[in-house]
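Please look at the sequence and the model shown here before reading the report that follows.

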Amino acid sequence: MEKVRDRVRSVWSDLEHLRVDIIEVMLGTATRAPLSNATFSPRGLQFSPRSQIGIALFIVGLAVLAFGAGWMLGQRQAASQRRLSDPGRPGN
């Protein structure tokens, strides 16, 4: 009975390692290649440092544009609210 239990544990451990390896490959992260004693690195989405900086600057630029657009819309709405007269105020 103990041999069966050890074998089940061994198979379960192998399946767990396989699951982790599959997830790493699907996410594009580097994983180990135990038979060749090397690191597997998929060629799909590798960007040069220059490209990574460009992408980061593009994202920051989009965030600045979104902030600026929101601020301008808020200023416009506040100005239109100030232009409307308050009907409850005396003298109008």
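## Overall layout and a surface patch

Read from its beginning to its end, the protein follows the pattern α-β-β-α, and its secondary structure accordingly comes to two helices and two strands. The model is a predicted one, and the protein averages a pLDDT of 76, with 57% of the residues scoring at least 70. Among the elements, the lowest and the highest mean pLDDT are as follows.

| Element | Mean pLDDT |
|---|---|
| Strand 1 (residues 31-33), the lowest | 58 |
| Helix 2, the highest | 91 |

Where pLDDT is low, the predicted coordinates should not be read in detail.

Turning to the surface, buried residues make up 3% of the 92 residues in the protein, and the accessible surface comes to about 8,700 Å², of which 65% belongs to carbon and sulfur atoms. On this surface, Phe47, Ile55, Phe58, Ile59, Leu62 and Leu65 form a nonpolar patch, and together they have about 620 Å² of accessible area.

One member of the patch, Ile55, lies in helix 2, which covers residues 49-83. Ile55 counts as partly exposed because its relative accessibility is 37%, a value between the 20% limit for buried and the 50% limit for exposed.

Conventions: Residues are numbered from 1 along each chain as its sequence is written. This is a predicted model: local features need pLDDT of at least 70, side-chain atom pairs count only at pLDDT 80 or more; totals for chains, interfaces and linings use all residues. Side-chain values use heavy atoms; hydrogens and water are left out. Patches are made of residues with over 30% relative accessible area and no salt bridge: like charges are joined within 9 Å, nonpolar side chains (Val, Leu, Ile, Met, Phe, Trp, Tyr) within 5 Å. Accessible areas come from the Shrake-Rupley method with a 1.4 Å probe; for residues, only the protein chains shown count as cover. A salt bridge is a side-chain nitrogen of Lys or Arg within 4 Å of a carboxyl oxygen of Asp or Glu. Helices (H or I, at least four residues) and strands (E, at least two) are DSSP runs, numbered from the N terminus. Buried means under 20% relative accessible area, exposed over 50%, partly exposed in between (1.4 Å probe, protein chains only). pLDDT is the predictor's confidence in each residue, from 0 to 100.
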